[in-house]
Every structure is written in structure tokens, then in C-alpha cells.
Amino acid sequence: MKLLSQLRTSSFQLALLYMVVFATSVFLLLAFIYWRTAGFMTAQTDETIEAEIAGLAEQYRGRGVNGLITIIRERVARDPNAKTIYLLTTEDFLKLAGNIETWPEGSRSESGWINFTLSSAVDWTGPERLARARIFEVQGGLRLLVGRDVDELTSLKRVIETAINWGMGITLALALLGGFLMSRSTTRRIEIINTTSRRIMNGHLSLRIPTRGTEDDFDQLAENLNQMLDRIVYLMEGIRHVSDSIAHDLRTPLTRLRNQLENTLMSVDNDEAREQAGRAVAEADQLLATFNALLRIARLETKGSSSDMRRVSLDELVSDACELYEALSEDKEQVFEQSLEAGVAIEGDRDLLFQMISNLIDNAIKYTPEHGTIGVAVRAEGETAVFEVRDSGIGVPDEEKDQVFQRFYRVGKSRSLPGNGLGLSLVSAVAGIHKGEIVLSDTYEQEQPPGLTVAVRMPAITRLRKRIKATYAEQSADSAGGDTQPSTEAGNT
């Protein structure tokens, strides 16, 4: 799979395109060299044959047919290896002189250049070889064939063709290897950028893309992205600081205003005035709750961890929260289901975890209609503790599941319901402190409304019953391996 993903990268495809262009260029160059080399050797052979013919023609003009026959026989005698091929025949193709006996098959009516094989077809007694010759007619009806053995030339051409084929193969292999190595290096650097970017998107805003110090285009890209991240973080911190400052500065006067409204509520006798004052106190309480939630989220995100970390039995903590909210669920006639696996423990801040659990259960009850279903579960999956709340409420669209953890963000369908859009932001902050992961999914895939399932996955401590079993096993092993007599220290204790 990793190799396939490497082959799909744009860097490998670019290297492949370069390889095709490079290989085509090499092929054209080698083809040109072969064409020039083979053409030169063929031309040289033809020139040698032409020179032989010119010499024979001179002898024929000076000495006649008998002189031509004599000179052919002399040259045949001086060339026992038959590098040069001669055949002089009458008009009826009867041999007069030469080192082959019969005319090459299919060439009796031809004139000009021919290629043929020295074999038994021409009464050749030696090993088969390739030959090239020229045929022309001599005055008096005689026919003359003069040629050269081109077997070595043909073998040399084959050697050149083989070398070209091997050269093309090696070129393609080296180009493919070079493209793979080049794309692998490029892909490695891109993957570093992608991995860091994914971690930053998951909330690790302090991370930055590493550079090599080579000041190449990748380093420039990384530096630009890092500067962009610095600017984004600076703007986000500015906005967060403003909102936190507003919440902090307004909380005190709002508290005083709320207390004054409450005093007014206690002092007036008019029922209408008391009702209006009561609504004003409720609005003030809602604003104070919003500001307190903002400040608490800010403290959690700034601190990043809690000093009050200890072993917490998650199933017991969730059971306490369920006992608190079960009555609220009964008021709406909802079905409240619990599936709490015993012995699931984590290391965390009990108060913060209880706040997170309460927020999620409260949201599920709030956004689930009457006669709906609420499900709360705790279970261990390997080394992970899972706290899950599911409901049959309005749900969250897929495109908004990543946005509901933002401050004040509310799903369109829930804007008419009470709330300030900070509940899940607080849940996210608490989960982050406990190195947890929040997963949102639909409770029912094919129903309307789909409902929402919120699963918080956190690192688990060894479950209680596993620890008890391990302790019991160790004690049993010690008892089996040690003395059967009790020790003095044991007796003293």
C-alpha cells in the first residue's frame, strides 16, 4: 500500500514524465547513431564492390572475355576465405568462372543490388553466410555477379542493436530508480508537512513545520506556513484574550446588578413587578453562567493540565452523575438506559471529569424530545476507557460536527432552545487535559431525527479486577514458591 501511494504522488508522476522524455531523447540519439553507423558500413561495402567491378571492367576492356575469366580465377585463388563473391555465366546461366556454382535463386532476371545467403542453394560448401552483390550484364550476353561476404557486418549490426536495446533498458531502469528515489525524498518532506499540519488541525497549535536549513523551496514553504500559523495564533489569542477580559471585567458589575435585582424582588409587593424582576434575575443568572463558563474554559486551555490528578473510577463517577440527572429525564418521560462496566479507571481530576460528564448528559436530556431515549455507557477497550452518551434527539449534521466545539457555536435546530453554546467547548477542554479524544456520530443512520452519540476516549489505568487477579496470582505464586512456615515478621504483624 505504501508503494502504491508513492506511485500516485505528483512528484513520482512528474519524475515519470521526465523519464519518458529522457528515454525518448536517448532512443532518438541511439537510433541516429545506429543509422549513421550501419549506413556507413553498408556504404563502405558497396564502395568495395564498386571498386571490384571497376577493376574487372578495366580488365574486360583490355583483355576481353578470356581476360575477364582469367582475372576472376586469379582473384578467387588469392581469396581462399571467399570474402569477395564472383560468378560469371553465359546467357543460359552456365558458369564460366567464380567461387559459387549457381545463380542465387530468384535473381536471374534482376539487375542491380541484391542480398542473398551463401548456402547449398548456390552450391556453397562452407557454413551459411550473408552476402551482398551487384548484378549486371556484360557485352555478348554474359552476366556477372560481384559481391562481398557481409556476415561480419551483419553480426556487428546485431551487436550494435543489442547494445542499443540494453542501453535503453538500463536507461529506463536508472530513470525509474532515479524518479522513485527523487519522488521518495520529495514525498518524505511533504509527508512531514502533512503530518505536522494534521496535528496542528487537531489542536496542537504550538507545533511548527520543521525546516532543514537548506533554504530550498520546501524550506521557504515551511517558513511561510509557520509565519501564517504564528499570525493565526496571535489573532486567536487576541480574540480569546478580549472575550476573557470582557467576561472577567463584566462578571463583578453583573453580580452586583443581579444582587440588586434580587433585593428589589424581595422588597416589591406588586405581583407584576415581582414577575419582571424574577425574569431579570434569571437573565442575569444566565449571563453569569455564561461568563463563568468562559473563564473556566480559558483557565483550562491556559493551564493545559490539572494538578489534582488521581485515580478515578469512571463507572462510579458516571453512576453518580446519572443518579443526579435521572430525575430530570423522568420529568420528560424519557427512557434512561445505563450500561456501566465495573472497574474502568482513569487518572484525572474528579471535579473536571464530573463537569464534563454532567454537561454531556444534560445536553442529551435537553435536546431529546419527550418519550425519547438516553443511553449512557462506560466500557474499556484495551488500554482505552470509553465514556459514551447517546440520544434520540435532533442530532448534528456531518458538516457541523467539527464546529460544535467552538465557543458560542450552536446547531441551527437548537438555537431556539436554552443554552449558550459553551457546553461542548468545556467538554473539549476537559478532554484535552485528560489526553482524551471526542468522537461524534449519529445514533441512528437511517432515521429522522438521527440522534447524536458522543464518545470520549481516554487512556485507562489497569482495570480493578485485572489488578485483583494479578495480585492474587502473585500471592499464589509466592505461597507456592516460599516456605510453608509463617515468618516471624508475619506473626508479629
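Here is a short tour of a predicted model, one selection at a time.

**Stop one: the patch on α3.** Start by selecting residues 151–201, which make up helix α3, and find Leu181 in it. Is Leu181 buried, exposed or partly exposed? Leu181 counts as partly exposed because its relative accessible area is 46%, and that falls between the 20% and 50% cut-offs. Now add Trp166, Ile170, Leu174 and Leu177 to your selection: with Leu181, they form a nonpolar patch on the surface. Together the five have about 560 Å² of accessible area. While you're looking at the numbering, keep this in mind: residues three or four places apart on an α-helix point the same way, so they can be followed along one side.

**Stop two: Val233 and its contacts.** Next, jump to helix α4, residues 217–267, and pick out Val233. Which residues does Val233 touch, leaving aside those up to four places away in sequence? Show Leu205 and Arg208, and you have them. Leu205 sits 28 residues from Val233 along the chain, yet their C-alpha atoms are 7.2 Å apart.

**Stop three: along α6.** Finally, select residues 314–331 to bring up helix α6, with its 18 residues. From first C-alpha to last, α6 reaches 26 Å, close to the 26 Å expected. Where is α6 kinked? Zoom in on Tyr325, the centre of a kink of about 35°. Tyr325 is also one of the buried residues of α6, and others to colour include Leu314, Asp315, Leu317, Val318 and Cys322. Step just past the end of α6 and you'll meet Glu333, with a positive phi of about 55°.

Terms used. Residues are numbered from 1 along each chain as its sequence is written. This is a predicted model: local features need pLDDT of at least 70, side-chain atom pairs count only at pLDDT 80 or more; totals for chains, interfaces and linings use all residues. Side-chain values use heavy atoms; hydrogens and water are left out. Helices (H or I, at least four residues) and strands (E, at least two) are DSSP runs, numbered from the N terminus. The expected span of a helix is 1.5 Å times one less than its number of residues. The bend at a residue is the angle between axes fitted to the seven residues ending there and the seven starting there. Buried means under 20% relative accessible area, exposed over 50%, partly exposed in between (1.4 Å probe, protein chains only). Patches are made of residues with over 30% relative accessible area and no salt bridge: like charges are joined within 9 Å, nonpolar side chains (Val, Leu, Ile, Met, Phe, Trp, Tyr) within 5 Å. Accessible areas come from the Shrake-Rupley method with a 1.4 Å probe; for residues, only the protein chains shown count as cover. A salt bridge is a side-chain nitrogen of Lys or Arg within 4 Å of a carboxyl oxygen of Asp or Glu. Contact means heavy atoms within 4.5 Å.
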